[in-house]
Amino acid sequence: MAFYHNYFEHFHQTGAIAPSGPKLAKHVVSSAGVKAHSHVLELGPGTGAFTKDLERTLGPDGRYLGIEINASFHTHLQKVHPELHFEQAPGQDFDFSAWVKQHGQFDIIVSGLPWAKFPEELQTSLLENVVPQLKDGGTFVTFAYTGVHLLKPAKRFRSLLDRYFAKIERTRSVMLNFPPAFVFVAEK
Ligand SMILES: C[S@@+](CC[C@H](N)C(=O)[O-])C[C@H]1O[C@@H](n2cnc3c(N)ncnc32)[C@H](O)[C@@H]1O
């Protein structure tokens, strides 16, 4: 579908040539411990690879905010998930104060952002803006492509997580994703 060319065209932002597969989506959502009443922030939902599973798991009682920088992806997400709330913005600049005032802090942050593509300043400004919105004891999950995690920016991001989170675990790799990926599960 022409729409998915966006992934390749905007490679500097997507950091991927295609959306994540359904096996990785299930693994991300279950690793995050999402439940029916959870309050979830999704960073970089893209074309909604994780959003579908998040919406199914949250059901009508969950609360969801998705922050997507890409205007076409944002329009698509609003069309496909009319019950969920999306904002088109860079995650590092979005002002969460009105949302948090109304809904409280998040239980869970699910990140689809390509951290290994980001310079250190962007990695830091994103974490500085989103981690304060997560409850103490809340969970932050993000995926990394197996192998790419050995590159310098990916290692730098892994070290940054130590600065913001009390406990960080790494899951098994999902080999049936293209490319294979694993998940970091971090507790605040
Ligand atoms: C690797 S894609 C992942 C999309 C989807 N979660 C998946 O796994 O298929 C990264 C997504 O993050 C978005 N993105 C990149 N930088 C961003 C930023 N600073 N703030 C918000 N979204 C961003 C991109 O537009 C893209 O949709």
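**View 1. V141 of β5 has a bridge partner in β7.** In this predicted model, V141 and V185 of β7 are bridge partners. Strand β7 covers residues 181-187. Its pairing with β5 is antiparallel. Seven bridges join β5 and β7.

**View 2. V141 also stands opposite a residue of β4.** That residue is V110. Strand β5 spans residues 134-145, and its pairing with β4 is parallel. Five bridges link β4 and β5.

**View 3. Strand β4 also pairs with β1.** V110 appears again here, as the bridge partner of E42. Strand β1 consists of residues 39-43. Four bridges hold the β1 and β4 pairing, and the sense is parallel. How many residues of β4 are buried? The answer is six of its six, so to speak of β4 as mostly covered is fair. Strand β4 runs over residues 106-111.

**View 4. The strands form an open sheet.** Seven strands take part, and their pairing is mixed. The order is β3-β2-β1-β4-β5-β7-β6. Which strands are at the edges? They are β3 (85-88) and β6 (167-170), and each pairs on one side only. On average, neighbouring strands of this sheet are turned by 15 degrees against each other, direction ignored.

**View 5. A helix links two strands in a β-α-β unit.** The unit is made of β4, helix α7 and β5. Its hand is right-handed. Helix α7 covers residues 120-130.

**View 6. Helices α7 and α8 meet.** Helix α8 spans residues 152-164. The two axes come within 11 Å and cross at roughly 30 degrees. Angles under 35 degrees count as roughly parallel. Helices α7 and α8 are therefore roughly parallel to each other. Their crossing is right-handed. On the α7 side, E120, Q123, T124 and L127 make the contact. On the α8 side, the residues are R156, F157, L160 and Y164.

**View 7. Helix α3 lies across three strands.** These strands are β4, β5 and β7. Helix α3 is made of residues 22-32. Its direction is at about 160 degrees to β5.

**View 8. Helix α4 lies across another set of strands.** Here the strands are β1, β2 (63-68) and β4. Helix α4 consists of residues 51-58. What angle does α4 make with β1? Helix α4 runs at about 175 degrees to β1.

Definitions and conventions: Residues numbered from 1 in each chain as written. Predicted model: local features only at pLDDT ≥ 70, side-chain atom pairs only at ≥ 80, totals over all residues. Buried ≥ 20, exposed ≤ 12 C-beta atoms within 10 Å, placed from the backbone. Pairing = 2+ DSSP bridges. Right-handed = clockwise from strand over helix to strand, strands pointing away. Axes fitted to C-alpha atoms, helices over the stretch in contact; angles between N-to-C directions. Parallel < 35°, antiparallel > 145°, perpendicular 65-115°, else oblique. Left-handed = near helix turned anticlockwise from the far one by under 90°. Contact = placed C-beta atoms within 7 Å.
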